[in-house]
Structures are given as structure tokens and as C-alpha cells.
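Today's job: look up how the aromatic rings sit next to each other. I'll keep the notes short.

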Amino acid sequence: MKKLKEIINRKYTPKEALAYFVISTGKSTNTEVDKLVDILIKELIQNNNRKDLMDKLEVKSIEKIINYWNLSIEQVIAYGYIVFNNIIFEGNSLTEEKITDMFVYVMRLHSPDNAVEFVDNKLEKI
């Protein structure tokens, strides 16, 4: 129970979220949104060593992230869903550059709480 509470209460920066998005797409050969989100969730739960996360990103990607929010795990997953879905919908490949640019764009459109609400509403309609 203690481990579960720690995971639920953990906070992430947008830069950490970006690293998890890039790691998740790198671990999947499948480009379905649901599969990518499943891998993202597994990474968020299993990867406790957040010190090395920024080493997974190019400096130019890190520099594009200007928000200093504290994101919940639910918010990171919601942003991941939106980012993955938009890139796949546009027919683009899931490269670090595309993920970064889409994440920056999505953060301008949706606050963290709005991202969660947006995804909840979208999934209700399915």
C-alpha cells in the first residue's frame, strides 16, 4: 500500500513527462494510442530512477519546455494520450522532435486539469 500511495502522489515536471513519452514510444513497435499509453503507464510505475530521465532527451527538446508545472500521474497520462493521438492522427512518426513539438503545443491548449477532462470526455464518447 505504501508503494501504491507513493506512485499515486508522485509529481512530475513537464520535462520528465516528455522523457517518459519518448521512452514509451521507443519501447513500442506498435503505434496504437492505447498500446502507447499502456507502455507509458508501465514506465511511470516501474521507473523510479528519475535522475537519468533527462539523459534520454536531446538538449534542444528540454529547452523547448518552458512550463514549470507539477503534474500528477493522471495528468501525465492524459497529456501522453493527447500527444500520441494527435501525432498518429496527423500521420507523423513518433520521433522525439514531433513528440516535443506536439507536447509544447498541447500544453498551450490544455492546462493539466483540462487535459484530464478532455481525455475523460473523449473516452466517454467512444
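I searched the whole structure for aromatic pairs and got five. This is a predicted model, so I'm reading computed values here. A reminder to myself: two aromatic rings are described by how far apart the centres are and by the angle of the planes.

**Entry 1: F21 and F84.** I looked up the ring centres and found them 5.8 Å apart. The planes meet at 75°, so I wrote this pair down as edge-to-face, since over 60 degrees counts that way. Where do F21 and F84 sit in the chain? F21 is in helix α2 (residues 14-26) and F84 is in helix α5 (residues 73-90). They are 63 residues apart, so the pair links distant parts of the chain. Next I checked whether F21 is buried or exposed. F21 has a relative accessible area of 0%, so I put it down as buried. F84 also comes out at 0%, so it goes down as buried too.

**Entry 2: W69 and Y79.** Here I noted centres 6.4 Å apart and planes at 15°, so this pair is stacked; the cut-off for that is under 30 degrees. W69 lies in the loop between α4 (59-64) and α5, while Y79 is in helix α5. I counted this as another link between distant parts of the chain, with the two positions 10 residues apart in numbering. W69 has 25% relative accessibility, so I marked it partly exposed. Y79 is at 0%, so I marked it buried.

**Entry 3: the group.** Which residues form one aromatic cluster? My list reads F21, W69, Y79, F84 and F103.

Terms used: Residues are numbered from 1 along each chain as its sequence is written. This is a predicted model: local features need pLDDT of at least 70, side-chain atom pairs count only at pLDDT 80 or more; totals for chains, interfaces and linings use all residues. Side-chain values use heavy atoms; hydrogens and water are left out. Rings of Phe, Tyr and Trp (its six-membered ring) pair if their centres lie within 6.5 Å; planes under 30 degrees apart count as stacked, over 60 as edge-to-face and the rest as tilted. Helices (H or I, at least four residues) and strands (E, at least two) are DSSP runs, numbered from the N terminus. Buried means under 20% relative accessible area, exposed over 50%, partly exposed in between (1.4 Å probe, protein chains only).
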